[in-house]
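Me: I should like to learn how to read the features of a structural model. May we work through one together?

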Amino acid sequence: MAASAAAAIVSPFKCRLFPSQGFSGSARSFHLRKNQKRTVRKAVITAKIDFKPPPYSLDALEPHMSRETFEYHWGKHHRAYVDNLNKQIVGTELDTKSLEEIILVTNNKGDLLPPFSNAAQAWNHEFFWESMKPGGGGKPTGELLELIDRDFGSFEAFVSEFKTAAATQFGSGWAWLVYKANRLDVGNAVNPHPSEEDKKLVVVKSPNAINPLVWDYSPLLTIDVWEHAYYLDFLNRRPDYISTFMKKLVSWDAVSSRLEAAKAQAAEREREEERRKTEYEGENQTESEAVEMYMESDSDSSESE
């Protein structure tokens, strides 16, 4: 999921990360059409969203993140988000959509619909597990490091900004490194004057379940700063947890793969936008020529009379 998530928004509003799809019913009141043959399902719930394990054993990150934390965090919290989401979407139009699509539909331009929090938290946690690896931390290499140096001044400056964002996220939430490609700092808004400076790395933080997908950014790295993410290992010492995450746990391989996917997606979107622009201009040109031909024909007819 790590690479595909970054490449992985639907009616009732236009989205940028997914093809436009229909979503019927009142978004505000979440009146989704229920399956009329509910008796076929009876009390059995067919899960549409999988509850995936971390890409390593539950004790693989010790001593920096304990097995006990994983059993509690992944085994209880993450599982609850997935189970509750599947209960919310069963029999609705959402149960055929991907997790990313559910997030973007139920975000509803910031007027959150009931399944949003469970969907976003399920996605966030899977992304978080894949942001770490045994023997992680250290310093990235290659293009990722080049962009970090370019956009933050240095790797050390980036680490400082990321740690500050994570430490100052009030209450529960997340800190993120994201790739921002030709977009304003407004959800789902297209920059009318894109430039190379827009294709950059930025650090953002989000409250509760919110993630950068709803802002049309491509997430590359995240840290969970909900208290249940670190309390068993660090008690209330959030800054110590954040420092350990950066020094010992980050998977820069995963971040680099996500960056590559995000850049490829941005390039594809630019090609698609250019194709649509060319088609639009071609249609207008054809209409203009048709009007000119009509006017010439009308003029010739008047002269002959």
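**Reading a helix, a loop and a core**

Reply: Just after H3, Gly91 takes a positive phi of about 80 degrees. Please bear in mind that this is a predicted model.

Me: How many residues does helix H3 have, and what span should they give?

Reply: The expected span is counted at 1.5 Å a residue, so the 23 residues of H3 (residues 67–89) should cover 33 Å; the end C-alpha atoms lie 31 Å apart, in agreement with that value. H3 also bends, by about 30 degrees, at Arg79.

Me: Which residues of H3 are buried, and what covers them?

Reply: Among the buried residues of H3 are Phe70, His73, Trp74, Tyr81, Leu85 and Ile89. Their cover includes helices H4 (99–107), H5 (116–129) and H8, together with strand S3.

Me: Where does His228 lie, and is His228 buried or exposed?

Reply: His228 belongs to the loop that runs between strand S3 (218–224) and helix H8 (231–234). The cut-off for burial is under 20% relative accessible area; His228 counts as buried because its relative accessibility is 12%. Beyond its sequence neighbours up to four places away, His228 touches Tyr72, His73, His77, Tyr81 and His125.

Me: How should one read a nonpolar core?

Reply: In soluble globular proteins, nonpolar side chains tend to be buried together. Here the largest nonpolar core has 71 residues, and those touching the most other members include Met132, Phe158, Leu177 and Phe245. H5 supplies the largest share of this core, 8 residues. With neighbours within four places in sequence left aside, the contacts of Phe158 are Ile148, Phe152, Leu177, Val203, Leu221, Met246 and Trp252.

Notes: Residues are numbered from 1 along each chain as its sequence is written. This is a predicted model: local features need pLDDT of at least 70, side-chain atom pairs count only at pLDDT 80 or more; totals for chains, interfaces and linings use all residues. Side-chain values use heavy atoms; hydrogens and water are left out. Helices (H or I, at least four residues) and strands (E, at least two) are DSSP runs, numbered from the N terminus. Buried means under 20% relative accessible area, exposed over 50%, partly exposed in between (1.4 Å probe, protein chains only). Contact means heavy atoms within 4.5 Å. The expected span of a helix is 1.5 Å times one less than its number of residues. The bend at a residue is the angle between axes fitted to the seven residues ending there and the seven starting there. A nonpolar core is a set of buried Ala, Val, Leu, Ile, Met, Phe, Trp, Tyr and Cys residues joined through side-chain atoms within 4.5 Å.
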